[in-house]
Amino acid sequence: MKKIIDDNTPEGLTSLLGERVTLWCSNYIYTGKLVGVNDAVAKLADASVVYETGPLNDATWKDAQKLPRDWYVMLSAIESFGILK
């Protein structure tokens with residue numbers, strides 16, 4: 001039997017609120033704790049720009065430069081995202 005299930009579990013970026021995420025964008029890679037999401041931007045705390053990843057299964061980035069404060073990334077620039085490091 002097939003059933004319709006009403007699942008209100010958040011999906012996408014919203015489901016990752018509070019997690020340290022990696023945002024692969026059209027020009028740069030950003031990483032930080034996802035502390036906010038709205039219709040236009042994602043807000044990262046303790047944010048960095050990743051200039052060189054190194055092996056993706058390593059615990060740290062080869063070259064990630066800390067940003068001086070919380071950082072906003074346009075959702076329209078994000079190509080993919082997830083929890084990586």
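1. Accessible areas here come from the Shrake-Rupley method with a 1.4 Å probe. On that basis the protein chain exposes about 6,000 Å², and carbon and sulfur atoms supply 51% of this area. The model under review is predicted. Of the 85 residues in the protein chain, buried ones make up 31%.

2. The secondary structure of the protein chain consists of six strands and zero helices. Read along the sequence, the pattern is accordingly β-β-β-β-β-β. The C-alpha trace spans about 50 × 30 × 20 Å along its principal axes. Among contacts in the protein chain with a separation of 6 or more, 47% come from residues 24 or more positions apart.

3. As to charge, the protein chain carries 11 negative and 9 positive side chains. The centres of these two sets lie 3 Å apart. One positive side chain deserves separate mention: Lys-85 lies over the face of Trp-61, at 4.7 Å from the ring centre.

4. How many aromatic pairs does a search of the whole structure find? The search finds two. In one of the pairs, the ring centres of Tyr-28 and Tyr-51 are 6.3 Å apart and the planes stand at 90°, so the arrangement is edge-to-face. This pair links distant parts of the chain, its members being 23 residues apart. Tyr-28 is in the loop between strand 1 (20–25) and strand 2 (29–37), whereas Tyr-51 belongs to strand 3 (residues 41–52). Ring pairs join Tyr-28, Tyr-30 and Tyr-51 into a cluster.

5. The accessibility of the two tyrosines of that edge-to-face pair should be read against the cut-offs. Exposed means over 50% relative accessible area, and partly exposed lies between 20% and that value. Tyr-51, at 51% relative accessibility, therefore counts as exposed. Tyr-28 has a relative accessible area of 42%, so this residue is partly exposed.

6. Is Ser-48 of strand 3 buried or exposed? Ser-48 has a relative accessible area of 5% and is therefore buried, the cut-off being under 20%. Leaving aside residues up to four places away in sequence, Ser-48 touches Ile-29, Tyr-30, Thr-31, Ala-64, Gln-65, Lys-66 and Leu-67. One of these contacts, Tyr-30, also takes part in the aromatic cluster.

7. Asp-46 is likewise placed in strand 3 and merits inspection of its backbone. Most residues other than glycine have a negative phi. Asp-46, although not a glycine, has a positive phi of about 50°. With 46% relative accessibility, Asp-46 counts as partly exposed.

8. Two further residues serve as reference points for distances across the model. Glu-11 is in the segment before strand 1 and, at 65% relative accessibility, counts as exposed. Pro-55 is in the loop between strand 3 and strand 4 (63–66); its relative accessible area of 47% makes Pro-55 partly exposed. Measured values are not involved here; the C-alpha to C-alpha distance between Pro-55 and Glu-11 is 28 Å in the predicted model, with their positions 44 residues apart in sequence terms. Glu-11 and Tyr-30 are 19 residues apart in sequence, and their C-alpha atoms are 20 Å apart in space.

How values were computed
Residues numbered from 1 in each chain as written. Predicted model: local features only at pLDDT ≥ 70, side-chain atom pairs only at ≥ 80, totals over all residues. Heavy atoms only, no water. Helix = DSSP H or I, 4+ residues; strand = E, 2+ residues; numbered from the N terminus. Buried < 20%, exposed > 50% of the residue type's maximum accessible area, 1.4 Å probe, protein only. Contact = heavy atoms within 4.5 Å. Lys, Arg positive; Asp, Glu negative; His and termini not counted. Charge placed at Lys NZ, Arg CZ, Asp CG, Glu CD. Phe/Tyr/Trp six-rings, centres within 6.5 Å; stacked < 30°, edge-to-face > 60°. Lys NZ or Arg CZ within 6 Å of the ring centre and 35° of its normal.
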